[in-house]
Amino acid sequence: MTLQALTPVNCASLLQPGCSLLQLDGELLLFGQKGWPKRSCPTGVFGVRFKRDELKLRAISFSNDSCYLPPLRCPAVCRLDPYDGFPESYLIHGGRTPNNEISSSLYMLTMDSRGCNQKLTLCCKEKELVGEVPGARYGHTMTMVRSHGKTACVLFGGRSYMPAGERTTESWNSMVDCAPQVFLFDLDFGCSSAHTLPELSDGQSFHLALAREDCVYFIGGHSLTSDSRPQRLFRLRIELLQGSPLLSCEALNTGLSLSSAIITRTGPTHKYIVLGGYQSDSQKRMECTIVILDEGGIHFETLEPPNWTPDILHSRTWFGGNAGEGNFLLAVPTEGKQSQPDMHYFYRISFQTEEGKQDEGTLGCSQESTDYDNSTPLEDSEELYFGREPHELEDSSDEEGDTYNEEDEEDESQTGYWIKCCLSCQVNSNTWEPYYSTELHRPAMIFCSRGEEGHWVHAQCMELSETLLVRLSQGSKKYFCLDHGGLPFQEMTPPRQVMPLKRTPMKVKDRQFPTIKMSQAKKSFFRRLFQ
């Protein structure tokens, strides 16, 4: 067992509470970066490398037929092992975006190809579900069960915003536990079903979920209703019968009080190590526990924890992920130390023995989550590192022109919803609450037409009434902010000048009249008639 301090190479601000670590085709991947993806890595997925005592990231690309995958914090992540001809893949459901919007989408992430230089390319597809579909949530879990030759995905727990009919101005951004329902997915047909069990009466989030064959174990978790972390342990048995599945649940006495813990598998058997998490809002869980699943059920054993450093012991929060079999990546905040330019200290914890150690390129991962809900880092990071592939020139220099150049990125400090639109701007991403009825997750903005390019300002800072804001957004009138005149509207967009179509009359000489032949008697008759 070792505890190794890591030095992040221009990538410390990309890692945030709620990020996930995945493993595809022998590579460790980081998903859920801080902020929205930028031009240097539009996918928001990075390859993770541990080289000596350094932590480095490199951008991972998607195939051309992939869908967009937003950077989601605290999603439910489930690994799919190769079976029935399906490739190794991951399922990702829910999570929070950098704008604090909660997703309800289900994505499947697989390996697409390897280039001539062994560079990994991923494929991301959004899976469509029909039936009783779970709503938007985060802090929940997904696991795979197998029964009677069939396979299904089990989703449980999580939290979300209050229902739309119950939200008020004071509780607009308040969170509630999702209903304690169990959802089953059939990945072959995209069917989803919801099941309610009397034993699962309270919602829980940021718990652990472990599966073996047809059983799923739910360990710990946090409940918003009681604001507690009870020692809960449930065993859910699922029989995938012909027709409809049969579910049964049993509450066990030997549980753990934890939330946001990290778990890693130690080998081919169902043996896991649980590390980190919280016992209460102000107390971290410093113990380590071995969890064993066998035919007799679930068993817990105490494991000696690493020799924690003073920074880890004294920190109020921490987060991390599974960095492979028997390995963890742990991060603790620097707690405002001016001497430390990075936001977090990073550590790599290994419980592997000398016989069981393997190459750094064959790291695994399982799901994890964190309830660091009040975290403020929502702005994009300006740092990234592009290193070489693990198989290329390990002893060569990493400074041969492949490092990230922040001058290549656009200056986003003047764009977005959380800019300082004027000298008296009071909109803050940490304290903002909806002001207009049309606002949900972001403040309403209006465009000021002053100058050649103009600029955006917050409607609340301009003291616009909701009626005037709606009228300006629907009409064609130009608006000028308080710094540029202070008038609600000053000009009308000139109507488009439509030139009338000029029609040239036909000349008389070009006209042709029909010739009527008549006798002299008829001509004499008509002459007398009109005279």
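Which residue in β19 stands opposite Arg212? The legends below describe a predicted model, and the view of the β18 and β19 hairpin gives the reply.

**View 1. Hairpin of strands β18 and β19 in the predicted model.** Arg212 faces Cys215, which belongs to β19. The two strands, β18 (residues 208–212) and β19 (residues 215–219), run antiparallel and are joined by five bridges. Two residues lie between them in the hairpin, where Glu213 adopts a positive phi near 55°. Strand β18 is mostly covered, with four of its five residues buried.

**View 2. The protein as a whole.** The protein contains three helices and 32 strands. Of its 531 residues, 49% are buried. When contacts between residues at least 6 apart in sequence are considered, 57% of them join residues at least 24 apart. The accessible surface amounts to about 27,800 Å², and carbon and sulfur atoms account for 50% of that surface.

**View 3. An open sheet of eight strands.** The strands follow the order β2-β3-β4-β5-β1-β30-β29-β28, and their pairing is mixed. At the edges stand β2 (20–24) and β28 (319–322), each of which pairs on one side only. From one strand to the next, the twist averages 35°.

**View 4. Pairing of β2 with β3 at one edge of the open sheet.** The edge strand β2 pairs with β3 (residues 27–31) in the antiparallel sense, over five bridges. Within this pairing, Gln23 has Leu28 of β3 as its bridge partner. In a regular strand, side chains alternate between the two faces of the sheet.

**View 5. The largest nonpolar core.** This core comprises 21 residues, and those that touch the most other members are Leu15, Leu30, Val48, Phe50, Leu55 and Leu57. Two or more residues are contributed by each of β3, β4 (45–51), β5 (54–59) and β29 (327–333). These four elements also appear in the strand order of the open sheet in View 3.

**View 6. Another nonpolar core, apart from the largest one.** This separate core has 19 residues. Cys425, Tyr436, Cys448 and Tyr479 are among its members.

Terms used
Residues are numbered from 1 along each chain as its sequence is written. This is a predicted model: local features need pLDDT of at least 70, side-chain atom pairs count only at pLDDT 80 or more; totals for chains, interfaces and linings use all residues. Side-chain values use heavy atoms; hydrogens and water are left out. Buried means under 20% relative accessible area, exposed over 50%, partly exposed in between (1.4 Å probe, protein chains only). Contact means heavy atoms within 4.5 Å. Accessible areas come from the Shrake-Rupley method with a 1.4 Å probe; for residues, only the protein chains shown count as cover. Two strands pair if DSSP finds at least two bridges between them. Axes are lines fitted to C-alpha atoms, for helices over the stretch in contact, and angles run from 0 to 180 degrees between N-to-C directions. A nonpolar core is a set of buried Ala, Val, Leu, Ile, Met, Phe, Trp, Tyr and Cys residues joined through side-chain atoms within 4.5 Å.
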